[in-house]
Amino acid sequence: MPMELTQSRIQKIWLPNDSHPALPRRSCGPQLTNSPTVIVMVGLPARGKTYISKKLTRYLNWIGVPTKVFNVGEYRREAVKHYSSYDFFRPDNEEGMNVRKQCALAALRDVKLYLSEEGGQIAVFDATNTTRERRGMVLNFAKENGFKVFFIESVCNDPSVVATNVMEVKLSSPDYRDCNSTDAMEDFMKRINCYQASYQPLDPDNDDRDVSLIKVIDVGRRFLVNRVQDHIQSRIVYYLMNIHVQPRTIYLCRHGESEFNLKGRIGGDSGLSNRGKKFASALNKFVEEQNLKDLKIWTSQLKRTIQTAEALKLPYEQWKALNEIDAGVCEEMTYEEIKEKHPEEFALRDQDKYYYRYPSGESYQDLVQRLEPVIMELERQENVLVICHQAVMRCLLAYFLDKSAAEMPYLKCPLHTVLKLTPVAYGCRVESVCLNVEAVNTHRDQSEEAKKGPNPLMRRNSVTPLASPEPTKKPRINSFDEHVASSSAALPVYMPQEVPTHLPGQVSRMLLLLFIIVRFLSLINLGRSL
């Protein structure tokens, strides 16, 4: 007989009506993998592996796939409290090699815990993994635990790109906290050389022909893809082929204040109020002052965003995907009317605003799925101004700022304010620019009752892993601490020299960049002669 179904009151989806207790919610979206996947990063230091790891993790969490980065460098820094010098990474340093292997094993143990017990679907194993032996160890680990493996190798032989990466990211590493820039640069370039000697790139034509992988060559100039196995791997490939590292700025703002905003009504397709028209003029002046080359302007297909864009006197593109969240039967109502006519729906939305779906309408979860093509195109573009709506802007902002599903519906996106987003090394810098035109406040804080209730939503990965709660801090390397202590004590101490006389900032930076490029080219020539 057909199974009886019951409709979920919050999500409005059909569930089996049986006596089994509901399973804990694992993610913010559909299960996209038949089995958990381990993404294995491959490449020499300063090739953007951690940049790719963090950016990809942010995207996967945003679309609803619980993902977490396991950076082996962080494990190593916990094990060896005081970094000495590049000697630690020399292939003939047996103690250093042993420490690094144990750190990798400790990270893999945490990967297993995350994927097997903590509800994770994807773990990113962020390390150099430059030898077939080390990659073989990861493949065996995955096979033993029933995990899929997908390799991402970042290859870059452009000395200027490597030099820029070293200057912007590596010199600020905890390894060089008490070291001047020149000495730190010299040490790091020697560290790269330690890996260069034993580097075995992925070879999809021979040894790695049966392995699922993508090689990202020269920061996205070229790609090589091999044996993509499933839907999630294809989405990862598509995402990596759309991102770039060119400097750019993304501007997000809502339309000018609308007639429905003044009346406290949600949704609909009303036009701008008088103050909304003033904001459109102020936005025009703001855009002119930014003096941006080839600025793209995107709007929704609703009247209030189009009216706002018209004041800019520039070409713009309409996206239906940027339309405001569909409130279904509650469209064009005030919140007071919703509470009076649909009291249960009003209470349910306060209970779980991200998952709640309006009757015959949408949820924030639906909106994220609708906006994924917009995010992909934003990643491809350079300077873009997006004129959109409150819920839409929250979803876009949550992607760039790595906000959780629980935080997303309550992000403050006031009218008549422009958010200027500038991508930086491992995240995004945001500046809020108020254009000094008064408007109503449409923000509703989370109710006190909802704040007190349990939060089933999974936190996302940010600068440090946050996807799984850790009530007590557990040591990552258990029985290895004493060995590490003795090993680190035996390693030579790296004493930074006195900082040379300071040069003007721009001159100093240029000389340092030139030094890196020359050093990098000399290492390449040395490698070719060996």
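Here is a short tour of one helix pair, the nonpolar cores and an exposed lysine. The model is predicted, so please read it in that light. Helices α13 (residues 364–380) and α14 (residues 390–401) cross at roughly 60°, and α14 gives 9 residues to the largest nonpolar core.

**How α13 and α14 pack**
- The axes of the two helices, α13 and α14, come within 9 Å and cross at roughly 60°.
- At that angle, α13 counts as oblique to α14.
- The crossing of α13 and α14 is right-handed.
- On the α13 side, the residues that meet α14 include Leu 367, Leu 371, Val 374 and Ile 375.
- On the α14 side, Val 392, Cys 395, Leu 396 and Phe 400 are among those that meet α13.
- Sorted by class, this contact has 13 nonpolar and 2 charged residues, with no polar ones.

**The nonpolar cores**
- The largest nonpolar core has 68 residues, and Leu 60, Ile 152 and Leu 396 touch the most other members.
- Of the contributors to this core, α14 gives the most, with 9 residues.
- Beyond its neighbours within four places in sequence, Leu 396 is in contact with Leu 252, Leu 322, Leu 371, Val 374, Ile 375, Val 386 and Cys 388.
- Another core, of 52 residues, lies apart from the largest one; Ala 46, Phe 88, Cys 179 and Ile 217 are among its members.

**A lysine in a loop**
- You will find Lys 293 in the loop between α9 (274–290) and β10 (296–299).
- Lys 293 counts as exposed because its relative accessibility is 66%, where exposed means over 50%.
- Lys 293 and Glu 382 are 89 residues apart in sequence, and their C-alpha atoms are 9.5 Å apart in space.

Terms used:
Residues numbered from 1 in each chain as written. Predicted model: local features only at pLDDT ≥ 70, side-chain atom pairs only at ≥ 80, totals over all residues. Heavy atoms only, no water. Axes fitted to C-alpha atoms, helices over the stretch in contact; angles between N-to-C directions. Helix = DSSP H or I, 4+ residues; strand = E, 2+ residues; numbered from the N terminus. Parallel < 35°, antiparallel > 145°, perpendicular 65-115°, else oblique. Left-handed = near helix turned anticlockwise from the far one by under 90°. Contact = heavy atoms within 4.5 Å. Nonpolar A, V, L, I, M, F, W, Y, C, P; charged D, E, K, R; others polar. Core = buried A, V, L, I, M, F, W, Y, C linked by side-chain atoms within 4.5 Å. Buried < 20%, exposed > 50% of the residue type's maximum accessible area, 1.4 Å probe, protein only.
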